[in-house]
Amino acid sequence: MNARINRRVVASAALLLAAVTFAGHAAAQETTLRLVSAFAENGIYVQRLQPWIQKFNAEGKGVLQINFIGGPKAIPPFEAGNAVKTGVVDIAMSTGAFYTNVMPEADFLKLTQIPVAQQRKNGAFDAINKVWNDKANMQYLARMVENQPFHLYINKKIDKPDLTGMKIRITPVYRDFFQSLNANVITTPPGEVYTALERGVVDGYGWPIGGIFDLNWQEKTKFRVDPGFYDAEVSLVMNLPAYKKLTEPQRAYLQKQLLALEAENTFWAKYTTDEIARQEKAGIQTIKFDAATSKAFHDKAYDVGWASAMKQSPEVATRFKTLFAR
Ligand code: 173
């Protein structure tokens, strides 16, 4: 009798212990990743990111969570890449041009001419990740902006692609191209563009087709030069050790949400149409060249961009060039 009770007590104690251990284990399995944005919190990119994070956290309870730390007020935009590389944060939403201080190859992603869905199929995505892993200690997670060509916005009228005597705000995206058009260039993060325009420190700036209203630049912008060139790349990048530390279910969950994020990229085509109309309504005039000059302008952007890439990192640029081509 006693022996039987004892056995039962022992059995239920063991069960309880197992349950507690399991619960403890399950709780330990939930990981929270710290995410920063190199772009403004009120801007379109963070606007697109926020609902994704909400869904991510709602569906990822007990598995994986994301804690949005903040934008440029939390971290200077040109430091977000280093913060990911060193593990100060787990994930950044940034663009390669903002972390050329980690590796020059980061800025090559503006040269892709195929959608990210196709990059995943043709090997470009894996090739990018190999470089990001090896040189930046990063996992390249997902590209959340595409179909957003860059443009030159200026306050002085030009009738040919010659920027002699003009000061243009840039990031590494535009440096070689605008210099090849004789511009004087000044690098600033987006947060300094408005003041630079207001004070006449610059006569213009580079930016994608969408988003100039986010920081009120339309107030200080007279002309947009067409055509656009390259494709604005905004992506999520993750500290590689943090990525490797994820369990198999966590990584599968992350991957599922990343692919869902990229599937939303159809948004950008309509956004472009809307932003063009909005710019026109705001009184921004379009400067267009004749067909031959437009083609030469566009071609020159890519020629100069790839020549610069080849100079900075010939082996990687060679590999990327075929994989990024249409
Ligand atoms: O102009 C910029 O600040 C820049 O390089 C960029 C890159 C991607 C998206 C938006 C802006």
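**Strands, ligand and salt bridges in a predicted model**

Reader: What makes β6 and β7 count as paired strands in this model?

Author: In this predicted model, strand β6, which covers residues 167–170, is joined to β7 by 4 bridges, and the two run parallel. Pairing requires at least two bridges between the strands, and 4 bridges are found here, so β6 and β7 are a pair by that rule. One of the partnerships links Lys 167 with Asn 184 in β7.

Reader: Which strands make up the sheet that holds this pair, and which of them are its edge strands?

Author: The sheet is open and consists of 6 strands in the order β7-β6-β8-β5-β9-β11, with mixed pairing. Its edge strands are β7 (184–187) and β11 (285–287), each of which pairs on one side only. On average, neighbouring strands of this sheet are turned by 30° against each other when direction is ignored.

Reader: Why are β2 and β4 placed at the edges of the other sheet?

Author: That open sheet has 5 strands in the order β2-β1-β3-β10-β4, again with mixed pairing. Both β2 (64–70) and β4 (138–145) have a single partner strand, so one side of each is left without a neighbour in the sheet. Here the average turn between neighbouring strands, direction ignored, is 25°.

Reader: How do you know that β1 pairs with β2, and what packs on this sheet?

Author: Strand β1, residues 31–37, is joined to β2 by 6 bridges, and the two strands run parallel; since the rule asks for at least two bridges, the pair qualifies. Within it, Leu 33 has Ile 66 of β2 as its bridge partner. Helix α2 (residues 44–59) packs on the sheet and touches β1, β2, β3 (91–94), β4 and β10 (234–239), its direction making about 150° with that of β2.

Reader: Why is the link between Lys 55 and Glu 59 called a salt bridge?

Author: The closest N and O atoms of Lys 55 and Glu 59 are 3.5 Å apart, and the rule accepts a side-chain nitrogen of Lys or Arg within 4 Å of a carboxyl oxygen of Asp or Glu, so the pair is counted as a salt bridge. Both residues lie in helix α2, 4 residues apart, which is about one turn of the helix. By this rule the count comes to 13 salt bridges.

Reader: Which residues come nearest to the ligand, and what makes some of their approaches polar contacts?

Author: There are 17 residues around the ligand, of which Phe 98, Arg 169, Thr 171, Tyr 174 and Trp 207 come nearest. A ligand oxygen atom is 2.8 Å from an N or O atom in the side chain of Arg 169, and the distance is likewise 2.8 Å for the side chain of Thr 171, while for that of Tyr 174 it is 2.5 Å. A polar contact needs N or O atoms within 3.5 Å, so these three approaches qualify. The protein covers 100% of the 290 Å² of accessible area that the ligand has on its own.

Reader: Where is the cis peptide bond, and what is unusual in the phi of Asn 147?

Author: The cis peptide bond joins Asp 226 and Pro 227, with omega about 5°, and Pro 227 lies in strand β9, residues 223–229. Asn 147 has a positive phi of about 65° although it is not a glycine, and Asn 147 lies in the loop between β4 and β5 (150–154).

Terms used
Residues are numbered from 1 along each chain as its sequence is written. This is a predicted model: local features need pLDDT of at least 70, side-chain atom pairs count only at pLDDT 80 or more; totals for chains, interfaces and linings use all residues. Side-chain values use heavy atoms; hydrogens and water are left out. Axes are lines fitted to C-alpha atoms, for helices over the stretch in contact, and angles run from 0 to 180 degrees between N-to-C directions. Contact means heavy atoms within 4.5 Å. A residue is near a molecule or strand if one of its heavy atoms lies within 4 Å of it. A polar contact is a pair of N or O atoms within 3.5 Å; within protein, one must be able to donate a hydrogen and the other to accept it, and residues adjacent in sequence count only if both atoms are side-chain atoms. Accessible areas come from the Shrake-Rupley method with a 1.4 Å probe; for residues, only the protein chains shown count as cover.
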